[in-house]
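Me: I would like to go through this model by way of its charged pairs and its helix packing, with the reasoning behind each answer spelled out. Could we begin with the salt bridges?

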Amino acid sequence: MKKKIIITVSIAAVLILVAAVVCMNLFGGSHTAIDNNPESEVTGESSVLVAYFSWSGNGQQMARWISEETGGDLFRIVPAESYGEDYDACADRAKEELDNGIRPELSEHISADIMAQYDVILLGFPVWWYDLPMPVWTFLEEYDLSGKTVIPFFSHNGSSSGANSLNRVSELAKGADVLSGDALSLRGSAVSGSEQEVKAWARKILEETS
């Protein structure tokens, strides 16, 4: 009897561990949140916009390197209601939003006049639940992106192809030319050491879209 209990407990522990690993792979893997603060207000003086959503900071780091290299205006996609610091709560909310098509309200916006100045939008995000985080849905649906070029860059924890996120960007960025084939994909754990790779990608993109 005691042996059966030990075996049952062991199986349960293994299942919990497997579920945790699966959740990390689906959601992104980082357990550390950064703040929910915006970047400085964009001006529209550049023809390039580097817009990003970031919870763990990987996307933010990539976006700042890309902005440095391209001279693009930096814009953070900020949900009005923060996802908080707890990883599990963030993952649960993200799953509920995706399953129910909930578009979170954003606290930061770009005026139509300024958005019209950008020819190229470099769009950053983590892959969440094999898809695009819902705040990025809100962002893409808010603006007229007709005639603009959109190039994604993203972090992941196994979905190196972006899973369904790149298809989703193409679906939501109506009228834009989405260059999914040129997207930059980085595993989240590798972002901190990838400055030169990110900047080299940004230089190539800038040359190709100039």
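Me: In this predicted model, which residue meets R76 in a salt bridge?
Reply: The model is a predicted one, and in it R76 belongs to strand β2, residues 73-76. The partner lies in the loop between α1 (2-27) and β1 (48-52), so the pair ties together parts that are 41 residues apart in sequence. With a distance of 2.9 Å from N to O, the residue whose side chain meets that of R76 is D35.

Me: Are R76 and D35 buried or exposed, or does either count as partly exposed?
Reply: Buried means under 20% relative accessible area, and exposed means over 50%, with partly exposed in between. R76 has 2% relative accessibility and therefore counts as buried. D35 is at 42% relative accessibility, so D35 counts as partly exposed.

Me: Which residue in the loop between α1 and β1 forms a salt bridge with R64?
Reply: R64 lies in helix α2, and the pair ties this helix to the loop between α1 and β1, because the two residues are in parts that are 25 residues apart in sequence. R64 itself counts as partly exposed, at 35% relative accessibility. The closest N and O atoms of the pair are 3.1 Å apart, and the partner of R64 is E39.

Me: Where is N37, and which residues does N37 contact beyond its neighbours within four places in sequence?
Reply: N37 is placed in the loop between α1 and β1, and a relative accessible area of 45% makes N37 partly exposed. In space, its C-alpha is 9.6 Å from that of S107, although 70 residues separate N37 and S107 in sequence. Once neighbours within four places in sequence are left aside, the contacts of N37 are R76 and V78.

Me: How many salt bridges does the structure hold?
Reply: Side chains of opposite charge can pair when their charged atoms come close. The pair of R76 and D35 is a salt bridge, and so is the pair of R64 and E39. For the structure, the number of salt bridges is 10.

Me: Which residue of helix α7 forms a salt bridge with E68 of helix α2?
Reply: The pair links distant parts of the chain, the two residues being 131 residues apart. E68 counts as exposed at 55% relative accessibility, whereas its partner counts as buried at 12%. The closest N and O atoms are 3.0 Å apart, and the partner of E68 is K199.

Me: Which residues does K199 touch, not counting those up to four places away in sequence?
Reply: K199 has its place in helix α7, and E68, E195 and K199 are linked in a network of salt bridges. When residues up to four places away in sequence are not counted, those touched by K199 are W65, E68 and E69.

Me: How are α2 and α7 oriented to each other, and by which residues is the contact made?
Reply: Helix α2 (residues 58-70) packs against helix α7 (residues 195-209) at an angle of about 45 degrees, the axes being 9 Å apart. The two helices are therefore oblique to each other, and α2 passes α7 in a right-handed crossing. By class, their contact has seven nonpolar, one polar and five charged residues. The residues that make the contact are M62, W65, I66, E68, E69 and T70 of α2, with E195, V198, K199, W201, A202, R203 and L206 of α7.

Me: Which residues of α5 and α6 meet, and how does their contact divide by class?
Reply: The axes of helix α5 (residues 134-142) and helix α6 (residues 165-172) come within 9 Å and cross at roughly 25 degrees, which makes α5 roughly parallel to α6. The crossing of α5 and α6 is right-handed. On the α5 side W137, L140 and E141 take part, and these meet R168, V169 and L172 in α6. By class, the residues of this contact divide into four nonpolar, no polar and two charged.

Me: Among contacts between residues at least 6 apart in sequence, what percentage joins residues at least 24 apart?
Reply: The chain has seven helices and six strands, which run from the N terminus as α-β-α-β-α-α-β-α-β-α-β-β-α. Of its 210 residues, 48% count as buried. For contacts between residues at least 6 apart in sequence, the share that joins residues at least 24 apart is 81%.

Conventions:
Residues are numbered from 1 along each chain as its sequence is written. This is a predicted model: local features need pLDDT of at least 70, side-chain atom pairs count only at pLDDT 80 or more; totals for chains, interfaces and linings use all residues. Side-chain values use heavy atoms; hydrogens and water are left out. Axes are lines fitted to C-alpha atoms, for helices over the stretch in contact, and angles run from 0 to 180 degrees between N-to-C directions. Angles under 35 degrees count as roughly parallel, over 145 as roughly antiparallel, 65 to 115 as roughly perpendicular and the rest as oblique. A crossing is left-handed if the near helix is turned anticlockwise from the far one by less than a right angle, and right-handed if clockwise. Contact means heavy atoms within 4.5 Å. Ala, Val, Leu, Ile, Met, Phe, Trp, Tyr, Cys and Pro count as nonpolar, Asp, Glu, Lys and Arg as charged, and the others, Gly among them, as polar. A salt bridge is a side-chain nitrogen of Lys or Arg within 4 Å of a carboxyl oxygen of Asp or Glu. Buried means under 20% relative accessible area, exposed over 50%, partly exposed in between (1.4 Å probe, protein chains only).
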